[in-house]
Amino acid sequence: QVQLVESGGGLVQAGDSLTLSCRASGPTFSSYEYNMGWFRQATGKEREFVAAISWRDGTTYYATSVKGRFTISKPNVNNALTLQMKSLKPEDTAIYYCAADKRRYRGMTTEQDSYGTWGQGTQVTVSS
């Protein structure tokens, strides 16, 4: 059973940077076999895609709202996934979730329904 645990959230000011981490654990899970992604949900809004990274070649994908400011990566340590966030804005305030694709070796997808394993989320609050 795969488990994802996020960390690194907090309260920051607009313009600051923050790095989120996601640790994956499970007897047979490898983040190099599954697409991995970050999603977020602001209060009163639906959860939305933020960034994803392909298992196949590490190609990254970003929502338009974060492109150029956020960087998703997979440090080669303990199935980790990170999201580096720079130039944060108040509208980035949300709970951020790490997710793993339901299927191994799938072509890249940014659709939430394709992701079947989710972490508990970590709160990011950006004050103006």
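Contact means heavy atoms within 4.5 Å. The model in these exercises is predicted.

**Exercise 1.** Find the residues that leucine 83 is in contact with, leaving aside its neighbours within four places in sequence.

*Solution.* Start with leucine 83 and skip those neighbours. The contacts are then Leu18, Thr19, Leu20, Trp38, Val50, Ala51, Phe70, Thr71, Ile72 and Tyr96. Next, place Leu83 in the largest nonpolar core, which has 33 residues. Leu83 is among those with the most contacts inside this core, along with Trp38, Met85 and Tyr96. Last, look at the strands: among those that each supply at least two residues of the core are strand 3 (18–25), strand 4 (36–41) and strand 8 (80–85).

**Exercise 2.** Classify the ring pair of phenylalanine 29 and tyrosine 34.

*Solution.* The structure holds six aromatic pairs. In this one the ring centres are 5.0 Å apart and the planes are at 20°. Planes under 30 degrees apart count as stacked, so the pair is stacked. Now check burial. Phenylalanine 29 has a relative accessible area of 7% and is buried. Tyrosine 34, at 13%, is buried.

**Exercise 3.** Classify the pair of phenylalanine 39 and phenylalanine 49, then say which parts it ties together.

*Solution.* The centres lie 5.7 Å apart, with the planes at 70°. Over 60 counts as edge-to-face, so that is the class of this pair. Phenylalanine 39 lies in strand 4 and phenylalanine 49 in strand 5, so the pair ties together parts 10 residues apart in sequence. Both residues, phenylalanine 39 and phenylalanine 49, are buried. They form one aromatic cluster with Tyr97, Tyr115 and Trp118. Finally, turn to tyrosine 97: arginine 47 lies over its face, at 5.4 Å from the ring centre.

Key. Residues are numbered from 1 along each chain as its sequence is written. This is a predicted model: local features need pLDDT of at least 70, side-chain atom pairs count only at pLDDT 80 or more; totals for chains, interfaces and linings use all residues. Side-chain values use heavy atoms; hydrogens and water are left out. A nonpolar core is a set of buried Ala, Val, Leu, Ile, Met, Phe, Trp, Tyr and Cys residues joined through side-chain atoms within 4.5 Å. Buried means under 20% relative accessible area, exposed over 50%, partly exposed in between (1.4 Å probe, protein chains only). Helices (H or I, at least four residues) and strands (E, at least two) are DSSP runs, numbered from the N terminus. Rings of Phe, Tyr and Trp (its six-membered ring) pair if their centres lie within 6.5 Å; planes under 30 degrees apart count as stacked, over 60 as edge-to-face and the rest as tilted. A charge sits over a ring if NZ of Lys or CZ of Arg is within 6 Å of the ring centre and within 35 degrees of the ring normal.
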